[in-house]
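Visitor: Got a minute to walk me through this one? I'd like the main packing and pairing features.
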Amino acid sequence: MTNRVEELEKLIAHHAHLYYNEETALSDDEFDALTDELKKLSPKSLALAKVGAKVSNTVWPEVKHESSMGSLLKVQTIEEFLDWAKKTGADQFCWSEKLDGSSLALKYEGKEFVQGLSRGDGITGSDISPNILKTAYFPKTLGFKSEATNGPTVWVRAEAIMQKADFEKKYASKIDEESGRTFKNPRNTAAGMIRRLTGTGCGDLGAVAYNVEGESYKFTTQALKFWWLQEAGFFTPQWGTGTAEEIVEVYRKYLQSEREACPFEIDGLVVCVNDLDLQERLGIVDNRPKGQRAFKFPSLEVETTLLAVVWQTGRSGRITPIAEIEPTDVGGVTISRVMLNNIDFIRCLNLGLGSKVMLRRANDVIPEIARGLTKGRKIEEPTSCPCCLSPVTKDGAYLICLSSDCSAQIIGHLLNYLRVLDVKGFGESTIAYLHQTGKLSQLPDFYKLKVEDFESEVMGKKLLAEFESKAREIALPTFVDALGIHGVGEHLTILVMAEFPNLHIMRTQATKEKLETISGIGPELAHAFISGLITRSSVIDELLKHVKLAELRVKVQATGDACKGWIACMTGFRSDEMTFFIESQGGTIASSMNKSVTHLIAKDTSGSSSKLTKAREKGLVVLSRFEIEEMM
Ligand SMILES: [Zn+2]
């Protein structure tokens, strides 16, 4: 028993530290389960007192919350929920989706946003206002239609979240260049990003508001708070009102389909007594209101056994442990292999060979081991690359194979090119065969493959036709992504294109220093981008003999407002530089003279072309190319 107490204390301290330093391995529920267990075994344990007490990342200014940000009491089953609902004596409840993100307190004075705090330990948070201002659908000014509701100070409670689709598209299984860790799920990514000092990625987060507090507002119901938030311009979670039985129906619908369909992660419903007077009379226990409950969804967790750990070399040379587990069904999917990141992760979860583990489908998609439940035999790190047997090197907690002849890396690199270009049909075994027979070792070799190089003619014909259809004309961001530069993908390339619109300009004019001035690009990414293009220089030159880079117009991020509101159309000429200038000044370029055009830019305004005449008749602003060039 004492051993378990010690173990729990260690685990809790470890995870509390991770949590307050931007990286979470456990969900709140799992963490609560640990503390609940410890509370039972050793109620006076110091580890319990320390939970939530330390914010060691103190670079943001710390600010005390005006009213503490507590958590909610939970109900896990319909019976528990109905039981609670009955005890409250209320007949109307207000429900809303329970967001699984990172909590924020937003302060508005008059209509203006003045300060945004992270939750921190609930008593003191960090002032992360600059990051909050970068988030999507966030009203800097409260947008009321009637002046009457333009009140004094209010606090809005919100959750910083990342949409599931954005996570999948931009972050899933990618390495965070700032922390060196793999982006794990939308929740962790959002929690880490919103507290980043550089502010990178905050534009991919949204602030979703769910509560408002202010002395001068006398809300009578919880529902009115949601109306207020919506009128003020906040994005809110789905919400509604109803009797306890009606809310059970809503809950059931969420279990069936709504949860999956929700654009962001939710882990239950928040249900409040709708009448706020009654809510207040019900009181508070342990800083948690009795008139509110988190009505949790059952988690997708199953116990299984860890059978073995195999180590696999990836295309970057990183050697990753993969758990082989007893095939187990989690929420309708059978899982037998799970990625484990690195040896620290294995130790942190207390995993051993033969140990019982809790398997979870996080984000409802990616399976992961949540924690070890029993001890097992020690898991050892390999001393040589499992593929090429070269000695391994350590990079932080990760193992790396530095050999340039490592076929796992070469094959991984080749497969990545096909994956990014969406070329289907080439399996790992086909690539391995072509590599072993000496036909394929570098990306440009793909373009020299012949039907007879393949194991069978039928296969060769089919695969080459597929390759030809996808790999000859490639959009620039996709092309750069396909080069397999560590940390460099489509999203980053699009950011770079705002300043350096084509590959030639990127290669000749972009420098690390210039890239760092682009919003969203930090020193690490800038370095990765520049050095990646340089080290792959000969491969790029070789590829460009076979590849046509498709034209792609990317909207430039505005840096000024000289052309704000313009919808400009060029006539008689085309200029990429001018397009970029106008867009960088807040304007938009129309490809043809359509109804929405406000400015016509002509090569020569003295002419009498039908376009010019028409534009003048319609009262559009007609400018000459020269006039814009003057502005540039
Ligand atoms: Zn190797």
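Visitor: How are α12 and α13 oriented to each other: parallel, perpendicular or oblique?
Guide: Oblique. This is a predicted model, by the way. The axes of helix α12 (residues 407-420) and helix α13 (residues 428-436) cross at roughly 120°. An angle of 65 to 115 degrees would count as roughly perpendicular, and one over 145 as roughly antiparallel. The crossing of α12 and α13 falls in neither range, so the pair is oblique.

Visitor: Left-handed or right-handed crossing?
Guide: Right-handed, as α12 passes α13. The two axes come within 10 Å.

Visitor: Which residues make that contact?
Guide: From α12, Ser407, Ile410, Ile411, Leu414 and Leu415. From α13, Glu428, Ile431, Ala432 and His435.

Visitor: And how do they divide into nonpolar, polar and charged?
Guide: 6 are nonpolar, 2 are polar and 1 is charged.

Visitor: Zoom out. How many helices and strands in the protein?
Guide: 23 helices and 26 strands. The protein has 632 residues, and 33% of them count as buried. Among contacts with a separation of 6 or more, 64% are between residues 24 or more positions apart.

Visitor: Take helix α7. Mostly covered or mostly open?
Guide: Mostly covered. α7 spans residues 186-193, and 8 of its 8 residues are buried. Among them are Pro186, Arg187, Asn188 and Met193.

Visitor: What do the buried residues of α7 pack against?
Guide: Three strands and one helix are listed by name: β4 (102-109), β7 (154-162), α6 (164-171) and β8 (205-213). In α6 you find glutamate 168. The C-alpha atoms of glutamate 168 and proline 186 are separated by 8.5 Å, with their positions 18 residues apart along the chain.

Visitor: Why is glutamate 168 partly exposed?
Guide: Because 14 other C-beta atoms lie within 10 Å of glutamate 168. Buried takes 20 or more, exposed 12 or fewer.

Visitor: What about β7, then: enclosed or open?
Guide: Largely enclosed by the rest of the structure, since 7 of the 9 residues of β7 are buried.

Visitor: How does β7 pair with β4 and β8?
Guide: β4 and β7 run antiparallel, joined by 7 bridges. There, serine 102 has alanine 160 of β7 as its bridge partner. β7 and β8 are antiparallel too, over 8 bridges. Isoleucine 161 stands opposite glycine 206 in β8.

Visitor: Switching sheets. In what order do the strands β24, β23, β25 and β26 lie?
Guide: The order is β24-β23-β25-β26. These 4 strands form an open sheet with parallel pairing. β24 (588-589) and β26 (621-624) stand at the edges with a single partner strand each, so one side of each has no neighbour in the sheet.

Visitor: How many bridges between β25 and β26?
Guide: 4, in the parallel sense. β25 covers residues 599-602. Leucine 600 has valine 622 in β26 as its bridge partner.

Visitor: Last one. Threonine 304: buried or exposed?
Guide: Buried, because threonine 304 has 21 C-beta neighbours inside 10 Å. Threonine 304 is in strand β14 (residues 301-313).

Visitor: Which residues does threonine 304 touch?
Guide: Ile325, Glu326, Thr328, Val357 and Leu359, leaving out residues up to four places away in sequence. The C-alpha atoms of threonine 304 and aspartate 329 are separated by 9.6 Å. Those two are 25 residues apart along the chain.

Key. Residues are numbered from 1 along each chain as its sequence is written. This is a predicted model: local features need pLDDT of at least 70, side-chain atom pairs count only at pLDDT 80 or more; totals for chains, interfaces and linings use all residues. Two strands pair if DSSP finds at least two bridges between them. Helices (H or I, at least four residues) and strands (E, at least two) are DSSP runs, numbered from the N terminus. Axes are lines fitted to C-alpha atoms, for helices over the stretch in contact, and angles run from 0 to 180 degrees between N-to-C directions. Angles under 35 degrees count as roughly parallel, over 145 as roughly antiparallel, 65 to 115 as roughly perpendicular and the rest as oblique. A crossing is left-handed if the near helix is turned anticlockwise from the far one by less than a right angle, and right-handed if clockwise. Two residues are in contact if their C-beta atoms, placed from the backbone, lie within 7 Å. Ala, Val, Leu, Ile, Met, Phe, Trp, Tyr, Cys and Pro count as nonpolar, Asp, Glu, Lys and Arg as charged, and the others, Gly among them, as polar.
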